[in-house]
Amino acid sequence: MARLASVGVTWGVVAVTTAVLAGSGGCTSVNRRLNASGVLIERRAHNHTRAATGVAAAPTTSRDPRSVRPEGRPPDVTPDVHPDGCFVGLALSGGGSRSANFSAACMFQLQRLGVLQHVDYISSVSGGSLTAAYYCLYGDGPGGWNPGRVQNKLTHPFANDLIFTTFMPWNLPVLWFTDWDRSDILADDFTRVLFSRKGKTLTFGDLRADRPRLLINATDLQSGRRFVFCNETFDEINSDLSKYPIANAVAASAAVPVVMHHVTLRDFSTTFKQYRHLIDGGVVDNLGVQSLVDTYMAHVKAAADAGLPDPYPRGAVLIVLDARTEFDAKLSHKGDISFIESLSTGAGLTSTALLNRVSTATMADLIVRNAADDTTAREIRDAISRLENGGSLTLKSKDGKPVRVMHLALSHLEDLSNLPFRGFREQVNNIATYFNIDPTEAFNLYQAAELLVRERFEGDLTALREELEGVRPPETEPATRPAAPAE
């Protein structure tokens with residue numbers, strides 16, 4: 001009887017959960033129209049926020065490392081081109097609170113070495129978007145970007161809040177009969193904890209001019225293509241990005257299919273009712289690096305088309321913060337598992353395998369797209385191996401400029417020797433892809449980031465900062481192609 005009762009309770013939980021998930025649909029859209037529908041397309045106003053991918057390149061004479069736009073120029077015409085002549089992009093991977101904290105820990109290390117101050121663009125996915133958006137909204141100091149405040153904010157149990165709010169009896173009818181859904185709950189929680197100031201919900205119009213431009217990545221559920229929250233994308237749907245809440249963009253970037261509801265945008269480019277439905281950006285690119293590559297190429301092309309000097313004559317540097325881990329269900333000691341546990345484990349395995357595969361494919365694609373036309377398959381395979389195992393690689397783009405990639409990944413912990421204690425790697429690897437994180441787990445991620453940078457990347461990052469500041473000459477002869485392995 002006890003066993004039957006237990007089974008009954010289990011299936012009761014499943015039934016309630018299924019009912020809630022099935023009912024929590026809708027088409028909530030909080031984005032606003034930018035132009036009246038009667039305005040001719042060629043006369044419509046455009047978005048001018050700090051989120052942009054296709055801005056036309058133009059030189060600047062400012063010596064400030066976060067150079068200010070020349071007076072009288074529209075915000076979307078002149079990018080923040082550093083006097084170093086190099087495009088520096090930072091990509092933050094997905095991975096829930098694990099990624100949010102690992103990304104923040106690595107960014108503090110980059111800031112310590114003087115590299116973060118040279119970053120032009122931050123592109124983020126899922127959990128990494130929490131950190132990217134927070135950094136681009138707040139300045140340094142007690143009330144903003146500092147280790148104590150960031151650690152406190154990014155260890156908040158967002159998943160617990162989501163579950164608690166979802167199953168409150170008075171919320172069930174609202175979830176069932178209105179457009180309010182799970183992603184709205186998550187966005188509201190992000191707003192309350194991270195993205196509000198003095199009671200005001202922070203939007204893309206609040207991004208700081210002294211921070212890098214922000215690119216938050218999601219996936220369009222209808223087309224399966226990457227959707228970037230930026231001026232150009234919102235121009236396409238005739239929507240005002242400056243009034244769109246940052247928290248909703250982050251929720252879209254983290255909307256894991258099935259687990260979370262999609263985030264909906266109204267397409268105001270037409271009088272017909274059309275919508276964009278957005279899910280987790282990791283489905284297409286779990287590293288966020290592709291948006292950086294596209295932005296860099298767009299700037300160079302725009303300058304060439306306009307007859308302007310190349311804004312990045314010294315090429316590009318892409319720094320990828322990768323919080324991927326290997327899946328471990330911890331089931332080997334169990335003879336049998338429950339139905340719920342089977343479902344959750346299967347979902348975890350599937351999502352982890354998918355995201356890891358997408359991330360690997362993205363890094364490989366980055367190398368292939370920048371390889372010379374006569375590069376052999378063997379040379380490409382060797383380059384992929386060196387990037388995955390060594391963490392850095394310099395390529396030569398098709399226009400002959402160097403493209404340097406630094407891959408700071410949790411997987412590189414396997415190659416470090418001075419770990420804090422036995423089993424450290426295993427403990428870090430077992431941190432779940434979830435929007436809850438234990439303080440000890442977060443502490444371990446900060447330790448992992450510091451060890452990774454100090455043992456594997458400090459020399460390269462220091463040399464990069466000296467190059468960007470003109471202390472040492474830049475790399476003059478990057479490899480035309482990945483060197484073939486020795487026989």
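**Two helix crossings, talked through**

Modeller: In this predicted model, the chain's secondary structure amounts to 14 helices and 11 strands. Buried residues account for 51% of its 487 residues.

Biologist: Happy to start with a pair. Why are helix 3 and helix 4 called oblique to each other?

Modeller: The axes of helix 3 (residues 127–137) and helix 4 (residues 147–154) cross at roughly 140°. Roughly antiparallel needs an angle over 145 degrees, and roughly perpendicular covers 65 to 115, so helix 3 and helix 4 count as oblique. Their axes come within 12 Å, and the crossing is right-handed.

Biologist: Which residues of helix 3 and helix 4 make the contact?

Modeller: Helix 3 brings Leu 130, Thr 131 and Tyr 134, while helix 4 offers Arg 149, Val 150, Lys 153 and Leu 154. By class, these are 4 nonpolar, 1 polar and 2 charged.

Biologist: Good. And what makes helix 5 and helix 7 oblique?

Modeller: Helix 5 (residues 158–166) and helix 7 (residues 182–193) have axes that cross at roughly 130° and come within 10 Å. The angle falls outside 65 to 115 and is not over 145, so this pair is oblique as well. Helix 5 passes helix 7 in a right-handed crossing.

Biologist: What residues form the contact of helix 5 with helix 7?

Modeller: From helix 5 come Phe 158, Asp 161, Leu 162, Thr 165 and Thr 166. Helix 7 supplies Arg 182, Ile 185, Leu 186, Asp 189, Phe 190, Arg 192 and Val 193. That contact divides into 6 nonpolar, 2 polar and 4 charged residues.

Terms used: Residues numbered from 1 in each chain as written. Predicted model: local features only at pLDDT ≥ 70, side-chain atom pairs only at ≥ 80, totals over all residues. Heavy atoms only, no water. Axes fitted to C-alpha atoms, helices over the stretch in contact; angles between N-to-C directions. Helix = DSSP H or I, 4+ residues; strand = E, 2+ residues; numbered from the N terminus. Parallel < 35°, antiparallel > 145°, perpendicular 65-115°, else oblique. Left-handed = near helix turned anticlockwise from the far one by under 90°. Contact = heavy atoms within 4.5 Å. Nonpolar A, V, L, I, M, F, W, Y, C, P; charged D, E, K, R; others polar. Buried < 20%, exposed > 50% of the residue type's maximum accessible area, 1.4 Å probe, protein only.
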